[in-house]
Every structure is written in structure tokens, then in C-alpha cells.
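Thanks for coming. I have one model to show today, and I will keep to a few elements and how they fit together. Please have a look at the display first.

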Amino acid sequence: MHHTYRDEAERRTWQNPERILAEAEIMLGDVLIDLACGFGFFAIPAAKIVGPKGVVCGVDIDQEALEELREKAALAGLRNLRLKPAAAEDVVLCEQCADKVFVGIALHDFKDPLKVLQNAKRALKTGGRLVNLDWKKEQTPFGPPLEIRFSESEAVSLIERAGFKVVSVKDSGPYHYLISANLLQ
Ligand SMILES: C[S@@+](CC[C@H](N)C(=O)[O-])C[C@H]1O[C@@H](n2cnc3c(N)ncnc32)[C@H](O)[C@@H]1O
């Protein structure tokens, strides 16, 4: 486990969470599961986007990160975040309850990424969408070691093995790609 990118202002110079969540088609009223939400770089803006009739459910194994996220949400007056300290391999928050599942630069961090994706599949409603943002497998000025990164094609095949149909693979800023996938019916 590593917690880099703690300086949110600096991170925003190379990654724009609102733009990424818009590309992920996160909408007002959505039920969104943010797997490995960390300190909430995506969960906080997502909670603002989904609004009071939506909900963002964050899962992370790091309880301290979740505590910090809880405090940030309270300061921002957000009451639509639900946080679950758990390994994403071990939980399906609810069956067929989510409009979207988002994984932000974390798929390569899971011990069993296939299991995490299979759990994500169970949590999605019919018509639901999985969105995976991750580091390109190429030299970048910072980021995790190349050997633990998934290339776009490795991530696509893992996502397909878990039972999804990939609908788009796009560049997302200088260092990342964004994969969107629908449930296979
Ligand atoms: C690089 S951080 C990304 C956090 C957040 N998505 C973001 O973009 O800022 C990776 C996160 O994955 C979490 N993590 C690692 N293994 C996990 C697991 N098996 N289940 C849930 N969370 C996990 C870590 O605690 C950490 O918060």
C-alpha cells in the first residue's frame, strides 16, 4: 500500500477529478461505489456531483484515510458519503445497487484484482457501468513502478474476464488512461 499524491493542489495540476468524473458520466442522483477511495480525491467531488439524492460509497482498507475523508466530507457539508473499511476483495456492498463503480489508480494495488472486479459486477445494477482510471504503463515523472502497472490491454482483458464489455479506452491527462465498461447481459 502506498499513499502518495497527498498534496491535492499539486495533484490537480496533472489530474482533474471533476473532468474525469464527467468523462465517467457520473450524474446527479447516481449511486456510486468508489473502490479504494483513499482520502477522497475523487469521492468528495463525486459526492458533490451526485447530490443529496445520490450517494457515494467509499471502500478502502486504510481506516485512517477513511477517517480523514469523513472529516473532509463533514467540513464540506456533505452528508451523502458512506464509508466502509474493508478489502475490496472481501465486500459486495449490496447486490445490484450501484449505477457506477469507480476505481481510481488502484486496480494494480489489489491483491486479487479479478475478485474485486467480480464483486463490482455483483454490486452494479443492470445497465450499470465500471470505470477504471489507471497509470499508463510507460515512464512517467512519478507514479508506481512500471512492473506493477497494468497496460491498457492487460486491464481490458482483466475487466472482460470479470464479465464486462469494454466500451471505451481513452487517454486521461498525460499519465493515465480511463476504461469504461458495461455489464455483460
Ligand atoms: C494510490 S491510492 C488511490 C486512492 C484514491 N482512489 C485516489 O485516487 O486518490 C490506492 C488505495 O488503494 C487502497 N487499497 C489497497 N489495497 C486495497 C484493497 N485490497 N481493498 C481496498 N482498498 C485497497 C489503499 O489503501 C489506497 O488508499
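Helix α3 has 6 of its 8 residues buried, so this helix is largely enclosed by the rest of the structure. Keep in mind that this is a predicted model. The helix covers residues 43–50, and its buried positions are Ala-43, Ile-44, Pro-45, Ala-46, Ala-47 and Val-50. What do these buried residues pack against? Their partners are α2, at 17–23, together with β1, β2, α4 and β3. After α3 comes Gly-51, and the phi of Gly-51 is positive, near 75°.

Next, the place of α3 in the chain path. Together with β1 and β2, α3 makes a β-α-β unit, and that unit is right-handed. The two strands of the unit are parallel: β1, residues 31–35, pairs with β2 over 5 bridges. If you want one position to look at, Ile-33 stands opposite Cys-57 of β2.

Now the other side of the pairing. Strand β2, residues 55–60, is also joined to β3, residues 81–85, by 5 bridges, and β2 and β3 run parallel. To get from β2 to β3, the chain passes through helix α4, residues 63–75, in a right-handed β-α-β crossover. Two bridge partners in β3 can be named here: Leu-81 for Val-56, and Arg-82 for Cys-57. Cys-57 therefore appears in both pairings, with Ile-33 opposite it and Arg-82 as its partner in β3.So much for pairing; what about burial in β2? Why is β2 largely enclosed by the rest of the structure? The count is 6 of 6 residues buried, so the strand is largely enclosed. Both faces are covered. On one side sit Val-55, Cys-57 and Val-59, and on the other Val-56, Gly-58 and Asp-60, all of them buried.

Last, the ligand. How many residues surround the ligand? There are 20, and the closest are Ala-36, Gly-38, Phe-41, Asp-62 and Gly-104. By class, the shell around the ligand holds 13 nonpolar, 2 polar and 5 charged residues.

To go back over the main path: β1, α3 and β2 make one right-handed unit, and the chain then crosses from β2 through α4 to β3, again right-handed. That is what I have.

Notes:
Residues numbered from 1 in each chain as written. Predicted model: local features only at pLDDT ≥ 70, side-chain atom pairs only at ≥ 80, totals over all residues. Pairing = 2+ DSSP bridges. Helix = DSSP H or I, 4+ residues; strand = E, 2+ residues; numbered from the N terminus. Right-handed = clockwise from strand over helix to strand, strands pointing away. Near = placed C-beta within 6 Å. Nonpolar A, V, L, I, M, F, W, Y, C, P; charged D, E, K, R; others polar. Buried ≥ 20, exposed ≤ 12 C-beta atoms within 10 Å, placed from the backbone. Contact = placed C-beta atoms within 7 Å.
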